[in-house]
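I opened the notebook to record what I looked up in this model, beginning with the overall fold and then turning to a few single residues.

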Amino acid sequence: MKYFILLASLICSAKAFAVSECTGRASDNTWVTVHINTTGATGTPESGEVIFETEENKFGYRFTKEEITQFFEYDEPANNSAIVGLAAYAEKEFPVSIKYNGPNFVDMDQKSVIEEGKTQPIKNNFIRVWKGPGHSATDQIQISNIACAVWTNI
């Protein structure tokens with residue numbers, strides 16, 4: 001019995017990892033993806049990045065856990081849903097935010113999900129991000145038709 005308890009405590013104390021990712025296409029056809037890495041049983045955010053993809057190139061920026069002011073993620077396997085919320089300030093000045101409550105598009109190509117019309121703009125869901133270096137903090141992209149995925153315990 002002692003060995004069972006020891007083994008169970010080792011398994012349960014292992015560090016848990018999760019990833020949340022949301023994607024959308026801006027009005028100028030730029031794809032925007034926000035990726036957040038978390039760790040621990042409570043999903044503490046560790047880092048994030050914003051990636052912009054155009055036909056010509058791919059670029060972006062990162063933000064650290066110190067620049068994340070609010071974050072939550074949740075996935076419900078029973079009905080395949082996810083909730084993601086993020087408020088961060090890259091370089092402690094430039095806003096990155098997400099609000100999402102909808103289907104969990106885990107293990108799916110989020111761009112294809114959007115292109116194939118599998119998402120419907122859900123009221124109040126959005127990604128709002130700073131356009132990146134060389135732009136002011138008020139120079140932002142906002143997208144309301146988004147797809148998100150939450151992978152827990154990776």
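Entry one, the chain. I noted at the outset that this is a predicted model. I looked up the secondary structure and found two helices and ten strands, which I read from the N terminus in the order α-β-β-β-β-β-β-β-α-β-β-β. I then checked burial, and buried residues make up 43% of the 154 residues in the chain. Of the contacts with a separation of 6 or more, 50% join residues 24 or more positions apart. For the surface I wrote down about 9100 Å² exposed by the chain, with 53% of it supplied by carbon and sulfur atoms.

Entry two, I68. I located I68 in strand β5, which covers residues 68–76, and I asked whether I68 is buried or exposed. I68 counts as buried because its relative accessible area is 11%, under the 20% cut-off. Leaving aside residues up to four places away in sequence, I listed P45, F63, L86, A87 and A88 as the residues that I68 touches. I also looked up the C-alpha atoms of I68 and G48, which are 8.7 Å apart although the two residues lie 20 residues apart along the chain.

Entry three, backbone angles. I kept in mind that most residues other than glycine have a negative phi. E91, in the loop between β6 (81–90) and β7 (94–103), has a positive phi near 55°, and I noted E91 as exposed at 53% relative accessibility. N124, in the loop between α2 (110–115) and β8 (126–130), is not a glycine but has a positive phi of about 75°, and at 47% relative accessibility I entered N124 as partly exposed.

Conventions. Residues numbered from 1 in each chain as written. Predicted model: local features only at pLDDT ≥ 70, side-chain atom pairs only at ≥ 80, totals over all residues. Heavy atoms only, no water. Helix = DSSP H or I, 4+ residues; strand = E, 2+ residues; numbered from the N terminus. Buried < 20%, exposed > 50% of the residue type's maximum accessible area, 1.4 Å probe, protein only. Contact = heavy atoms within 4.5 Å. Areas by Shrake-Rupley, 256 points an atom, 1.4 Å probe, with all protein chains shown as cover.
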